[in-house]
Amino acid sequence: MINFDRFTLENGLKVIVHHDNTTPIVAINILYNVGSRDEKPDKTGFAHLFEHLMFGGSVNIPEFDRPLQIVGGENNAFTNNDITNYYLTLPKENIETGFWLESDRMLNLDFSDKSLDVQRNVVIEEFKQRYLNQPYGDVWLFLRPLAYKIHPYSWATIGKDISHIENANIEDVKDFFYKHYAPNNAIMVVAGDISTEEVKILSEKWFGPIEKRNIESKNIPAEPKQTEARFLELTRKVPYDSIYKVYQMCSRLDDDYYATDLLSDILSNGDSSRLYQRLVKEKNLFSSLDAYILGSIDTGLFCISGKLIKDIDMKTAEDAIIEELELIKNELVSEYDLQKVKNKLESSTIFSEINILNKAMNLAFYENLDDANRINTELDNYKKITQEDLQMLAKKIFVPENCSTLYYYAEK
């Protein structure tokens, strides 16, 4: 059981406090309820650009990292389709430095052409290195628009096109900041050997004076149910042919989410999983084969991806995957296999919660989802899943008209 307190400042900032006296380190996690799904189709990549800009200095603090390093702290951030998350850890004696730094960049970034130029170039270089010049790097630049036709999940967090960041100007940046980066669009979690009263005092001192802002409403269109199979072929300079099959699945808050997650583990969690044993080890069709889900807040994707053994025909490989999916639709998963993936999930969850930063991140994520107390109840949702639940979900998800397939060929 992870205990916590929570309160909300007058400006709308939600604050969660988890007391843990077993560590001298305190974690501060600030989650902003903004991701790439909040971008305009002609101005994508801005949430990710802001992840970088937030380290470029504020009006009062020209260099974010240095004051933190001086007091023995570390920090980082990540952006995805749904959220932007900033986190830092530091010795509890220096906790106020964290409040000072985070509040100042929430209050007012240094909107300068110099800072924008520096961070824009960093993001453009990342786009080229990770997505354009890396083998298989552009897969999701094509898979997303294949699988999503209306929802903004149709573009990757890095952006739809590199030109959107290249053409970003100061006014675009300011507009995005003041519409999304605000106390009333954020959740702060403080975890460690610190009391709720101390956190209240520091929160009021450093974040209380920041005024709430007019947050842009989320008018995000719902992705309609997929009713026909979609297909795309690409040829690239890569070592091996690869196949990607993605099926539309439920949202993160749907009751079916837990069974869907376990279904992906049954298929591909470890060397004893079905896909590895039958298609990698026994039939020697793939050098690697994975099944996983995108746990998106809105409609997600159940993904199967594999790299083919040299000279294996793409259709042969795909038919083998479909055969395994048909098997899981028509025969109940054994009680042993179901319990095995439940045990793995439980042990990894418990182990991850030893880390103070993981607890802070999870509390923020669940609070943004709907309730931080999910951190104490999510395992129960998985434990309730039955063999019949898995079969029902498999029959619902693994149908041809619900699938988008990408054949990714190696250049001959």
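Arg144 is buried, yet this charged residue makes no salt bridge in this predicted model. Its nearest side chain of opposite charge belongs to Asp82. That side chain is 8.1 Å away. A salt bridge needs a side-chain nitrogen of Lys or Arg within 4 Å of a carboxyl oxygen, so Asp82 does not qualify.

Where does Arg144 sit? It is found in helix H5. Look past its neighbours within four places in sequence, and Arg144 is in contact with Asn81, Tyr153, Ser154, Trp155, Ala156 and Leu294.

Now follow the chain out of H5. Helix H5 covers residues 139–147, and helix H6 covers 162–166. Thr157 lies in the loop between them. Is Thr157 buried or exposed? Its relative accessibility is 14%, so Thr157 counts as buried; the cut-off is under 20%.

Which residues surround Thr157? Beyond its neighbours within four places in sequence, it is in contact with Ser36, Gly45, His48, Thr79, Asn80 and Asn81. Asn81 is also among the contacts of Arg144. Leu49 shows how the fold brings distant parts of the sequence together: Thr157 and Leu49 are 108 residues apart in sequence. Their C-alpha atoms are 9.5 Å apart in space.

Turn next to helix H3, residues 95–107. Its 13 residues reach 19 Å from first C-alpha to last, close to the expected 18 Å. H3 is mostly covered, with 10 of its 13 residues buried. Among them are Ile95, Phe99, Leu101 and Met106, and also Glu102, Asp104 and Arg105. What do the buried residues of H3 pack against? Their partners are strands E3, E5 and E6, and helices H2, H7 and H8.

How values were computed
Residues are numbered from 1 along each chain as its sequence is written. This is a predicted model: local features need pLDDT of at least 70, side-chain atom pairs count only at pLDDT 80 or more; totals for chains, interfaces and linings use all residues. Side-chain values use heavy atoms; hydrogens and water are left out. Helices (H or I, at least four residues) and strands (E, at least two) are DSSP runs, numbered from the N terminus. Buried means under 20% relative accessible area, exposed over 50%, partly exposed in between (1.4 Å probe, protein chains only). Contact means heavy atoms within 4.5 Å. The expected span of a helix is 1.5 Å times one less than its number of residues. Lys and Arg count as positive and Asp and Glu as negative; His and the chain ends are not counted.
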